[in-house]
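Consider the structure shown below and work through the exercises that come after it. Each task is followed by a solution in steps.

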Amino acid sequence: MTKLEIASYIDHTLLAPDAGVHDISKLCSEASIYHFASVCINPCYIQYARSALEGSGVKICTVIGFPFGTSTSEAKAMEARDAIANGADEIDMVINIGAAVDGRFSLVGSDIALVVKAARDEAGKLGRSVVIKVIMETCYLDNETLKLCCLCAKKAGADFVKTSTGYGAPKGLEGQLLPNGASEFHVKFMRETVGPDMGVKASGGIRNARTAIAMLEAGANRIGTSSGVRIIESWDESVEVHLPTHP
């Protein structure tokens, strides 16, 4: 796999709360140079990034209900419409994590469905398409809960399921921080759950080429990372990557 090919899988990401215009400018410049799939940024920078990336072919991805998923469904839908109107091509929304943990999957599903409808309706008005990814925050979910949430996203018509925000911080009984972010296990599990015709995005803690390869081989077909440049610069084009069947 060439550097250009791996770059096409990467959402070049900067979601830090203290990121300023200079940081976003640098992110967009890097995305143009390396031909990443998208930049993934907070909603307030969509218009700026749209101008900075004009003609580059790089998509604008933004986040909805981020990072906790605790906004009301109506607020998430409004946020999605606003993001599309401002120029976003892709939406990464966070599920209602508390509802998922409670087992209230009808609410999980309706929350996703409302955002999907709002985003597609707004994009349709503008004669554009939109890609919708649904962030599960796997570090908080057991396998059965994760499976049912993925199926909710699939039923709602989303395009991708996504592992993590990168901001989840579960704690053990003694208060110690537990692992978060993407794992090969969760990527493979999510791929098996949604099947070959839906996307899986691995995000959270992917900082080097070795981890990126592992996620792709587990079934991911998009990678969210703030280490995109490092991954490309260290990429060995002679290494074989064995991709499973996916869209």
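The exercises treat the strands first and then the helices.

The model is predicted: local features need pLDDT of at least 70, side-chain atom pairs count only at pLDDT 80 or more, and totals for chains, interfaces and linings use all residues. Residues are numbered from 1 along each chain as its sequence is written, and side-chain values use heavy atoms, with hydrogens and water left out.

**Exercise 1.** Determine in which order the strands close into a barrel.

*Solution.* Strands (E, at least two residues) and helices (H or I, at least four) are DSSP runs, numbered from the N terminus. Two strands pair if DSSP finds at least two bridges between them. Eight strands close into a barrel in the order β1-β2-β3-β4-β5-β6-β7-β8, with parallel pairing. From one strand to the next the twist averages 25°; angles run from 0 to 180 degrees between N-to-C directions, and axes are lines fitted to C-alpha atoms, for helices over the stretch in contact.

**Exercise 2.** Describe the surroundings of strand β2 (residues 38-41).

*Solution.* Step one concerns burial, where buried means under 20% relative accessible area, exposed over 50% and partly exposed in between (1.4 Å probe, protein chains only). Ser 38 and Cys 40 on one side of β2 are buried, as are Val 39 and Ile 41 on the other, so both faces are covered. In a regular strand the side chains alternate between the two faces of the sheet.

Step two concerns the neighbours. Strand β1 (residues 10-14) runs parallel to β2 and is joined to it by four bridges, with His 12 opposite Val 39. The chain passes from β1 through helix α2 (residues 21-34) to β2 in a right-handed β-α-β crossover; right-handed here means that, with the strands pointing away from the viewer, the path from the first strand over the helix to the second runs clockwise. Four bridges also link β2 in parallel to strand β3 (residues 59-64), where Lys 59 is the bridge partner of Ser 38. A right-handed β-α-β unit is made by β2, helix α3 (residues 46-52) and β3.

**Exercise 3.** Analyse the contact of α6 with α7.

*Solution.* The axes of helix α6 (residues 105-125) and helix α7 (residues 143-156) come within 9 Å and cross at roughly 35°. Contact means heavy atoms within 4.5 Å. Among the α6 residues that meet α7 are Phe 105, Val 108 and Ile 112; the α7 residues include Leu 148 and Cys 152. The contact divides into ten nonpolar, two polar and no charged residues.

Terms used. Ala, Val, Leu, Ile, Met, Phe, Trp, Tyr, Cys and Pro count as nonpolar, Asp, Glu, Lys and Arg as charged, and the others, Gly among them, as polar.
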